[in-house]
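Here are some short exercises to work through with the model open beside you. Try each task before reading its solution.

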Amino acid sequence: MSDLPPDLPRLRTLETWLVMTLQRVRERITAVEQHESERQRGATHRPRPPDWALEMGIGRDHLPVYVHVGGCHMTGGRSTGVPRQTAVRALTEGVEACPHCRPDTELGVLD
């Protein structure tokens, strides 16, 4: 016993629906492939994170509040990459080391 309708009009309706559904699936496959391609291209061309970062505070003075190892997941949006000597100077001048990435250990600057 077939699970398909026995008459031609319903078979044609089913065929139309299947063709439309197949087209939607193919369009979605194309979109997902393009998205994946763009994601891979972005990952390949993403700039390397800086070795060290200073996170600046909010307010009028925007003083540094934390020193981070580059790529630390806790680095906020108000951060900027800095050279090693700037990170060392900031730590020795009292800017706190991030408690997650511990740049003071990486830099050899311990209290």
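This is a predicted model, so keep that in mind as you go.

**Exercise 1.** Find how far apart Arg39 and Glu36 are in helix 1, and describe their contact.

*Solution.* Start with the helix: Arg39 and Glu36 lie 3 residues apart in helix 1 (residues 8-45), so about one helical turn separates them. Next, look at the side chains: the two form a salt bridge, with the closest N and O atoms 2.7 Å apart. Finally, check accessibility: Arg39 is partly exposed at 44%, and Glu36 is partly exposed at 31%.

**Exercise 2.** Decide whether Asp104 is buried or exposed, and name its salt-bridge partner.

*Solution.* Take the accessibility of Asp104, which is 10%. The cut-off for buried is under 20%, so Asp104 counts as buried. Its salt-bridge partner is Arg102, with the closest N and O atoms 2.5 Å apart. Arg102, at 36%, is partly exposed.

**Exercise 3.** Work out which strands stand at the edges of the sheet.

*Solution.* Write down the strand order of this open sheet of 4 strands: 3-1-2-4, with mixed pairing. Strand 3 (79-82) and strand 4 (96-97) each have a single partner strand, so they stand at the edges, with one side of each lacking a neighbour in the sheet. Then add the helix: helix 2 (residues 84-92) packs on the sheet and touches strand 1 (52-56), strand 2, strand 3 and strand 4. Its direction makes about 50° with that of strand 1.

**Exercise 4.** Assign the sense of pairing between strand 1 and strand 2, and between strand 2 and strand 4.

*Solution.* Strand 1 and strand 2 run antiparallel, joined by 5 bridges; here Met56 stands opposite Pro64. Strand 2 (residues 64-69) and strand 4 pair in the parallel sense over 2 bridges, and Val67 has Ala97 as its bridge partner.

How values were computed
Residues numbered from 1 in each chain as written. Predicted model: local features only at pLDDT ≥ 70, side-chain atom pairs only at ≥ 80, totals over all residues. Heavy atoms only, no water. Pairing = 2+ DSSP bridges. Contact = heavy atoms within 4.5 Å. Axes fitted to C-alpha atoms, helices over the stretch in contact; angles between N-to-C directions. Salt bridge = Lys/Arg side-chain N within 4 Å of Asp/Glu carboxyl O. Buried < 20%, exposed > 50% of the residue type's maximum accessible area, 1.4 Å probe, protein only.
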